[in-house]
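Please look over the sequence and the model shown below, and keep them at hand while reading. The report that follows takes the sheets, then the helices, and then a few single residues.

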Amino acid sequence: MRSDALIEVENLTKHYGKFKAVEDISFEVGKGDIFGFLGPNGAGKTTTIKMLTSALSPSSGTARVCGHDLLKESVEIKKHIGLMPELPGFYEDMEAIETLEFYGEFYKMPSSERRRRAYRLLDLLGLKEFGRWKIKAFSRGMKQKLGFAAAIMHEPEVLFLDEPTQGLDPNATHQIRELMLDIRNAGATIFLSSHLLWEVQTICNRVGIIHKGELRVVDSIENLQAKTTQKQSIIAEVGTFPKEARQAIEQLAGVNAVHYNKTQSKITVEVEKRKKGLSEEINDLLVKSGVRVGSLIAEKPSLETIYLSYTGGTKSD
């Protein structure tokens, strides 16, 4: 058990009749983690978030969030967390600035602090000029950004985000991602459910993969890359690639295929991950064949490759 854990989940379960939405999951998330929670649609991601934020009662099991028992201290938990649901809901006739101040009042922030914080967040998210607009005039992307602002209005210790960048353009996605990093650097913990695997790989230090309600793995991305048994690629930038060099590489034990992109002056060698020392052997063969090697790297398995290996080839939607 981690001494710095702010989320501690033990045998958490949610059934709807005979349907097992979440089945006996246990894991921990430490202070300062950005924890990526991955899985296909219907895997149990949103159900888990609803239970951890006291919006849904579990069928069995328990959890502690910020040191408070999920079953006995749900009111205390809500004081310490922020939540951005997949589809944030607002009072459509309220102005954006009023909405954020409303959230601040709910969390008992002083009036002067509420106003200052609200305008600061609107500015950071590119919404300052729309502060007096009614929310019903907002686009979906603007509502997404406002939902993020509302979730962090009171500077929570733990932030739960369910698909926070869904429907956002690249600039807005970058804004949200940078804010997540700033929030983590300030000492908060983030629980991120997202189907954007490249985004999770970029900002998360640990991930959990859930499939059909069962938690398949929890670990750092680095450890998962080291443990995966999937094939990997060795990529080399070369000046030329003579036929005899290609044939020599193809005959090496552990090599599955060799591809040459003449336009990019790049060769890609698909290899068995368990075969050690292949990078050095390939480099030696190229040099002996008179090939000028600009660079040679062993490409680590992507998070998508790892994810698919734990979900039976079902990509997150």
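## Sheets, helices and loops

In this model, an open sheet of four strands is ordered S2-S1-S4-S5, and its pairing is antiparallel. The model is a predicted one, in which local features need pLDDT of at least 70 and side-chain atom pairs count only at pLDDT 80 or more, while totals for chains, interfaces and linings use all residues. Residues are numbered from 1 along each chain as its sequence is written, and side-chain values use heavy atoms, with hydrogens and water left out.

Some terms are needed to read the sheet. Helices (H or I, at least four residues) and strands (E, at least two) are DSSP runs, numbered from the N terminus, and two strands pair if DSSP finds at least two bridges between them. Strands of a sheet pair through backbone hydrogen bonds, either parallel or antiparallel.

At the edges of the four-stranded sheet stand strand S2 (19–30) and strand S5 (68–69), each with a single partner strand, so one side of each is left without a neighbour in the sheet. Strand S1 (residues 5–16) pairs with S2 over eight bridges in the antiparallel sense, and glutamate 8 stands opposite glutamate 28 in S2. Helix H1 (residues 45–52) packs on this sheet and touches S1, S2 and strand S4 (60–65), its direction making about 120° with that of S1. Contact here means heavy atoms within 4.5 Å, and axes are lines fitted to C-alpha atoms, for helices over the stretch in contact, with angles that run from 0 to 180 degrees between N-to-C directions.

There is also an open sheet of six strands, in the order S6-S7-S8-S3-S9-S10, and its pairing is mixed. Its edge strands are strand S6 (81–84) and strand S10 (214–220), each of which pairs on one side only, and the twist from one strand to the next averages 15°. Within this order, strand S7 (residues 158–162) and strand S8 (residues 189–193) run parallel and are joined by five bridges, with leucine 159 opposite isoleucine 190 in S8. H1 lies across strand S3 (34–38), S6, S7, S8 and strand S9 (206–211), running at about 150° to S7. Helix H5 (residues 140–152) packs on the sheet too, where it touches S6 and S7 and makes about 170° with the direction of S6.

How do two helices meet elsewhere in the model? The axes of helix H9 (residues 243–250) and helix H10 (residues 278–288) come within 9 Å and cross at roughly 155°. H9 and H10 are therefore roughly antiparallel to each other, a term used for angles over 145 degrees. The contact is made by Ala245, Ala248 and Ile249 of H9 together with Ile282, Leu285 and Leu286 of H10. By class, this contact of H9 with H10 has six nonpolar, no polar and no charged residues; Ala, Val, Leu, Ile, Met, Phe, Trp, Tyr, Cys and Pro count as nonpolar, Asp, Glu, Lys and Arg as charged, and the others, Gly among them, as polar.

The table below turns to residues in loops. Buried means under 20% relative accessible area, exposed over 50%, and partly exposed in between (1.4 Å probe, protein chains only).

| Residue | Loop | Relative accessible area |
|---|---|---|
| Threonine 53 | between H1 and S4 | 5%, buried |
| Serine 54 | between H1 and S4 | 19%, buried |
| Glutamate 163 | between S7 and helix H6 (170–185) | 6%, buried |
| Glutamate 73 | between S5 and helix H2 (74–80) | 28%, partly exposed |

Not counting residues up to four places away in sequence, threonine 53 touches Lys78, Ile81, Leu83 and Phe160. Serine 54 has a positive phi of about 65° although it is not a glycine, and glutamate 163, also not a glycine, has a positive phi of about 55°. Glutamate 73, leaving aside its neighbours within four places in sequence, is in contact with Arg64, Gly67 and His68, whereas 30 Å separates its C-alpha atom from that of arginine 115, 42 residues apart along the chain.

For the protein as a whole, there are eleven helices and 14 strands, and buried residues make up 48% of the 317 residues. The C-alpha atoms fill a box of roughly 75 × 45 × 35 Å, taken along the principal axes.

Technical notes:
Parallel < 35°, antiparallel > 145°, perpendicular 65-115°, else oblique.
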